[in-house]
Amino acid sequence: MARPHPDLIAALRHTARRLDDGATRYRWTHMGACNCGHLAQTVTRLSAAEIHARALEKAGDWHQQVRDYCPTSGYPMDHVVGALLELGLTRDDLGHLERLSDARILRRLPDDVRRTIDPRSRDHAARYLRAWADQLEARWLDDQTLPDALPTAVPSSTPVGVRASAPRA
């Protein structure tokens with residue numbers, strides 16, 4: 001599961017907003033305009049066409065390209081995948097995103113959406129991204145507790161604001 005981080009959470013929410021707004025092209029069979037493609041657009045600032053062109057230099061869909069990812073290959077698509085992984089995503093996360101299939105995220109969706117989830121649906125992709133962002137945000141906030149090494153307040157018998165006097169000899 002992805003490492004929770006504010007930058008990743010913001011990228012997921014921004015991508016969901018872009019899908020909700022309908023201002024961007026969405027097509028599940030297009031490497032730059034599908035679920036992973038839209039997140040890659042947000043993270044890399046490349047266009048759908050640029051991502052798609054990079055993806056065509058290697059064989060396979062997102063699942064296969066992520067599985068075959070090599071940071072030193074020199075393939076432009078590996079730079080795109082690398083940017084997503086650097087943000088805290090895992091290879092499994094990207095495979096699940098393309099298919100909207102991570103059970104931990106699906107549990108956060110309403111029953112009617114979870115039962116009928118369609119990875120080719122713009123609306124379902126946006127809902128999945130928001131649920132994922134909510135999950136990561138909750139985990140990130142849980143991790144923001146104070147370290148155990150900090151001193152805890154010790155009750156004092158001396159009232160606050162009153163200076164204890166030194167014992168007389």
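Which residues in α2 meet Val-80, Ala-83 and Leu-84 in α5? In this predicted model, they are Leu-39, Ala-40, Val-43 and Thr-44. The residues of this contact divide into six nonpolar, one polar and no charged. The axes of α2 and α5 lie 10 Å apart, at an angle of about 80°. Angles of 65 to 115 degrees count as roughly perpendicular. The two helices α2 and α5 are therefore roughly perpendicular to each other.

The overall fold comes next. The protein chain has nine helices and zero strands. From the N terminus on, its elements run α-α-α-α-α-α-α-α-α. The chain holds 169 residues, and buried residues make up 39% of them. Contacts between residues at least 6 apart in sequence were also examined. Of these, 58% join residues at least 24 apart.

Helix α2 spans residues 35-44 and is mostly covered. Eight of its ten residues are buried. These are Asn-35, Cys-36, Gly-37, His-38, Leu-39, Ala-40, Gln-41 and Thr-42. Several helices pack against the buried residues of α2. They are α1 (6-21), α3 (48-55), α4 (62-67), α5 (76-86), α6 (91-99) and α9 (122-143). Just after α2, Arg-45 takes a positive phi of about 65°.

A second packing partner of α2 is α6. Here the axes are 7 Å apart, and the angle is about 120°. That angle falls outside the ranges for roughly parallel, roughly antiparallel and roughly perpendicular, so it counts as oblique. Helices α2 and α6 are therefore oblique to each other. On the α2 side, the contact is made by Asn-35, Cys-36 and Leu-39. On the α6 side, Leu-94, Leu-97 and Glu-98 take part. By class, this contact has four nonpolar, one polar and one charged residues. Leu-39 of α2 takes part in the contact with α6, and Leu-39 also meets α5.

Gln-41 is found in helix α2. Its relative accessible area is 13%. The cut-off for a buried residue is under 20%, so Gln-41 is buried. The side chain of Gln-41 makes a polar contact with the side chain of Arg-18, at 2.9 Å. Arg-18 is also among the contacts of Gln-41 beyond four places in sequence. The others are Gly-32, Ala-33, Leu-46, Ser-47, Ala-48 and Ile-51.

Helix α5 has buried residues as well. Met-77, Asp-78, Val-80, Val-81, Gly-82 and Leu-84 are buried there. What covers the buried residues of α5 includes α2, α3, α4 and α6. Of these buried residues, Val-80 and Leu-84 also meet α2. Pro-76 has its place in helix α5 too. Leaving aside neighbours within four places in sequence, Pro-76 is in contact with Arg-54 and Glu-57. The C-alpha atoms of Pro-76 and Ile-51 are separated by 8.8 Å. Along the chain, Pro-76 and Ile-51 are 25 residues apart. Ile-51 is also one of the contacts of Gln-41. After α5 comes Gly-88, whose phi is positive, near 115°.

Beyond α6, attention turns to a loop residue. Asp-102 is found in the loop between α6 and α7 (103-106). Is Asp-102 buried or exposed? At 3% relative accessibility, Asp-102 counts as buried. The side chain of Asp-102 reaches the backbone nitrogen of Arg-104 at 2.8 Å. Not counting residues up to four places away in sequence, Asp-102 touches Met-1, His-96 and Tyr-128.

Tyr-128 also belongs to an aromatic pair. The count of such pairs comes to one. The ring centres of Tyr-128 and Trp-132 are 6.2 Å apart, and their planes stand at 65°. Planes over 60 degrees apart count as edge-to-face, so the pair of Tyr-128 and Trp-132 is edge-to-face. Both residues lie in helix α9. Tyr-128 and Trp-132 are four residues apart, about one turn of the helix. An α-helix has 3.6 residues a turn, so residues three or four places apart point the same way. Tyr-128 is buried, and Trp-132 is buried too.

How values were computed:
Residues are numbered from 1 along each chain as its sequence is written. This is a predicted model: local features need pLDDT of at least 70, side-chain atom pairs count only at pLDDT 80 or more; totals for chains, interfaces and linings use all residues. Side-chain values use heavy atoms; hydrogens and water are left out. Buried means under 20% relative accessible area, exposed over 50%, partly exposed in between (1.4 Å probe, protein chains only). Contact means heavy atoms within 4.5 Å. Axes are lines fitted to C-alpha atoms, for helices over the stretch in contact, and angles run from 0 to 180 degrees between N-to-C directions. Angles under 35 degrees count as roughly parallel, over 145 as roughly antiparallel, 65 to 115 as roughly perpendicular and the rest as oblique. Ala, Val, Leu, Ile, Met, Phe, Trp, Tyr, Cys and Pro count as nonpolar, Asp, Glu, Lys and Arg as charged, and the others, Gly among them, as polar. A polar contact is a pair of N or O atoms within 3.5 Å; within protein, one must be able to donate a hydrogen and the other to accept it, and residues adjacent in sequence count only if both atoms are side-chain atoms. Rings of Phe, Tyr and Trp (its six-membered ring) pair if their centres lie within 6.5 Å; planes under 30 degrees apart count as stacked, over 60 as edge-to-face and the rest as tilted.
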